[in-house]
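Subject: A structure for you to explore

Hi there,

Here is the structure I promised to pass on. Have a look around it, and then read my notes below.

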Amino acid sequence: MGSMGEVGDEIQPRGYWRWSKQDFFPEESFKNWASYRSALSQTCFRFKDRLTSRSEDANEIGEMRKQSENDMKRCLTWWDLTWFGFGSVIGAGIFVLTGQEAHDHAGPAIVLSYVASGVSALLSVFCYTEFAVEIPVAGGSFAYLRIELGDFAAFITAGNILLESIVGSAGVARAWTSYFTTLLNRPTNSLRIHTNLTKGYNLLDPIAVAVLAIAATLAMISTRKTSVFNWIASAINTVVILFVIIAGFANADPSNLTPFLPYGAKGIFQAAAIVYFAYGGFDNIATMAEETKNPSRDIPLGLLGSMSIITVIYCLMALALSMMQDYRDIDRQAAYSVAFQSVGMKWAKYLVALGALKGMTTVLLVGALGQARYVTHIARAHMIPPWFALVHPKTGTPINATLLIVISSALIAFFSSLDVLASLLSVSTLFVFMMMAVALLVRRYYVTGVTPRINLLKLVIFLLIIVASSMGTSAYWGLNPNGWVGYAITIPLWVLGTAGISVFLPQQRTPKVWGVPLVPWLPSLSIATNLFLMGSLESKAFIRFGVCTVLMLVYYVFFGLHATYDVAHQQQKPESLKFNDRDMGKTGP
């Protein structure tokens with residue numbers, strides 16, 4: 001075994017809880033100030049190396065996992081993943097966003113908004129599923145992008161994943177407190193501590209912190225026990241949702257569907273960009289591939305099965321609300337509760353609040369599992385200190401990574417109302433999903449050392465045409481939604497770029513078990529829909545996204561770049577020694 005293996009053998013007997021500098025900064029660049037200054041002087045060279053480097057499937061599946069010292073336990077089946085899908089996706093979003101967007105943007109056509117955003121989400125699910133089956137590791141989109149688009153693209157994705165994980169969990173925890181007060185029939189902020197701090201940070205929320213801590217504790221104790229708790233809680237939430245649908249249609253008035261398109265087609269897509277995030281969270285399922293007994297069978301069943309059913313449920317819930325109450329009378333804050341009250345079922349608001357609470361509880365629970373596994377693999381690559389990659393020998397769970405997420409989320413949830421950061425999460429999510437579709441096309445049409453250079457150049461040109469035309473369509477929609485001249489240019493360009501890949505480039509890789517159908521058309525459509533929905537968001541969201549990206553780049557230049565460079569070149573040395581040994585063995589007697 002090479003030096004990395006020897007280091008691993010030395011570390012193995014050590015206890016899980018350790019705090020030395022070597023555990024956090026073991027890389028050569030951080031041994032002392034002289035080493036760090038030397039590393040900084042090579043920043044440009046190292047950046048070029050990391051920009052063009054790509055990982056391999058075998059490295060992500062095998063070598064990277066050794067950084068955790070202990071394996072996660074393979075204990076999940078398609079049944080667990082299906083319920084994890086329900087638990088991670090169906091939260092408060094459907095109860096809150098439906099009424100808000102039906103009232104403001106879509107009217108009764110809110111059901112079409114859910115169809116549009118559901119189709120976009122399913123396209124992303126297709127991409128995630130193929131990767132998760134082929135590369136069953138805890139890193140999810142981070143690992144997939146490291147392989148196909150390189151270290152730097154993976155880092156930008158990792159930064160957005162961490163931001164989304166921490167701020168998103170904090171937001172759900174704050175919402176949990178609000179719904180809990182509704183269930184107790186008390187004012188919204190009555191359970192929060194009022195202070196003289198700046199507005200937006202003056203309502204301290206200890207309940208949100210407690211809920212995060214409980215969810216994280218359960219996730220750290222056992223993945224299997226968390227799964228059992230999740231499917232019981234999700235089953236209860238499903239009963240509440242079925243009640244909402246059945247009772248809603250039982251009290252429906254078809255005349256409320258007229259006019260069906262009060263805000264026109266623009267309203268449908270404006271609402272779709274917002275309600276899309278009621279579908280968020282399915283990417284957590286891909287991070288559990290490392291703990292799945294039979295990834296090639298269980299992941300497609302769990303991911304595609306749960307998301308297909310969820311899309312139907314969301315559309316039925318939106319239609320039930322639109323038929324119960326005129327869109328102009330729908331309450332923006334408590335749509336279903338007020339709608340049931342309007343048809344004489346005032347008591348139903350408590351059932352709706354209970355359903356939302358159950359949903360948010362499972363979202364936090366599955367989020368604690370999935371987000372910690374993202375962090376684990378990011379730490380395995382040394383983009384953050386490798387101490388966070390350690391898996392506990394008894395529980396088989398990444399306790400350190402879970403603590404990083406829950407402590408950060410708890411600090412934000414305790415102080416911040418998060419109104420400013422809500423739209424930032426939308427941009428981050430769509431950006432990651434768009435990158436995943438690009439990565440899938442690269443995986444199918446480019447293999448290092450096999451694909452001719454001219455074909456690589458063609459692929460890059462066609463991808464640029466697809467991305468540019470999709471951005472153009474989105475921009476034109478925002479500037480002139482009723483026009484057609486711009487679409488007459490951008491849509492044919494998108495078709496040209498996609499057809500170019502289909503006609504002029506042979507696929508270099510065929511999925512072994514399960515693959516996205518209709519490649520390159522479905523991944524290309526996923527790129528277009530994600531960029532289109534990004535264009536429907538307000539400009540402030542992109543400004544905040546840009547600021548956060550700059551901060552991530554500062555961190556990368558001063559830490560992440562040098563840590564990953566050192567690890568990559570340490571791994572190459574033992575690999576070259578292995579190949580030399582094999583060659584010597586072949587030439588021997």
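**Charges and overall form**

In the protein chain, the mean positions of the 43 positive and 36 negative charges are 2 Å apart. Here Lys and Arg count as positive and Asp and Glu as negative, while His and the chain ends are not counted. Each charge is placed at NZ of Lys, CZ of Arg, CG of Asp or CD of Glu.

Before you go further, please note that this is a predicted model, in which local features need pLDDT of at least 70 and side-chain atom pairs count only at pLDDT 80 or more, whereas totals for chains, interfaces and linings use all residues. Residues are numbered from 1 along each chain as its sequence is written, and side-chain values use heavy atoms, with hydrogens and water left out.

The secondary structure of the protein chain comes to 23 helices and 2 strands. These are DSSP runs numbered from the N terminus: helices are H or I with at least four residues, and strands are E with at least two.

How does the radius of gyration fit the chain length? A compact globule of 589 residues would have a value near 25 Å, and the protein chain has 25 Å, which agrees. That radius is taken over C-alpha atoms, and the globule rule is 2.2 Å times the number of residues to the power 0.38. The C-alpha atoms fill a box of roughly 90 × 55 × 45 Å along the principal axes.

**Inside the protein**

Of the 589 residues, 56% count as buried. Buried means under 20% relative accessible area, exposed means over 50%, and partly exposed is in between (1.4 Å probe, protein chains only).

The largest nonpolar core has 159 residues, and Tyr 114, Tyr 128 and Tyr 314 have the most contacts inside it. Helix 17 (residues 348-380) gives the largest share of this core, 16 residues. Such a core is a set of buried Ala, Val, Leu, Ile, Met, Phe, Trp, Tyr and Cys residues joined through side-chain atoms within 4.5 Å.

Leaving aside neighbours within four places in sequence, Tyr 114 is in contact with ten residues' worth of company that you can look up, including Gly 93, Val 275, Tyr 279 and Tyr 314. Contact means heavy atoms within 4.5 Å.

Ser 322 is in helix 15 (residues 295-324), and because its relative accessibility is 2%, Ser 322 counts as buried. Not counting residues up to four places away in sequence, Ser 322 touches Gly 107, Pro 108, Ile 110, Asn 256 and Leu 257.

**Residues worth a click**

Leu 551 sits in helix 23 (residues 539-587) and is exposed, with a relative accessible area of 56%. Its C-alpha atom is 9.6 Å from that of Gly 159, although the two are 392 residues apart along the chain.

Most residues other than glycine have a negative phi, and most peptide bonds are trans. Which residues are joined by a cis peptide bond? Thr 258 and Pro 259 are one pair, with omega about -5°, and Val 519 and Pro 520 are another, with omega about 15°.

Asn 185 has a positive phi of about 60° and is exposed, at 52% relative accessible area. His 382 has a positive phi of about 70°, but His 382 is buried, at 6%.

Enjoy exploring!

Best wishes
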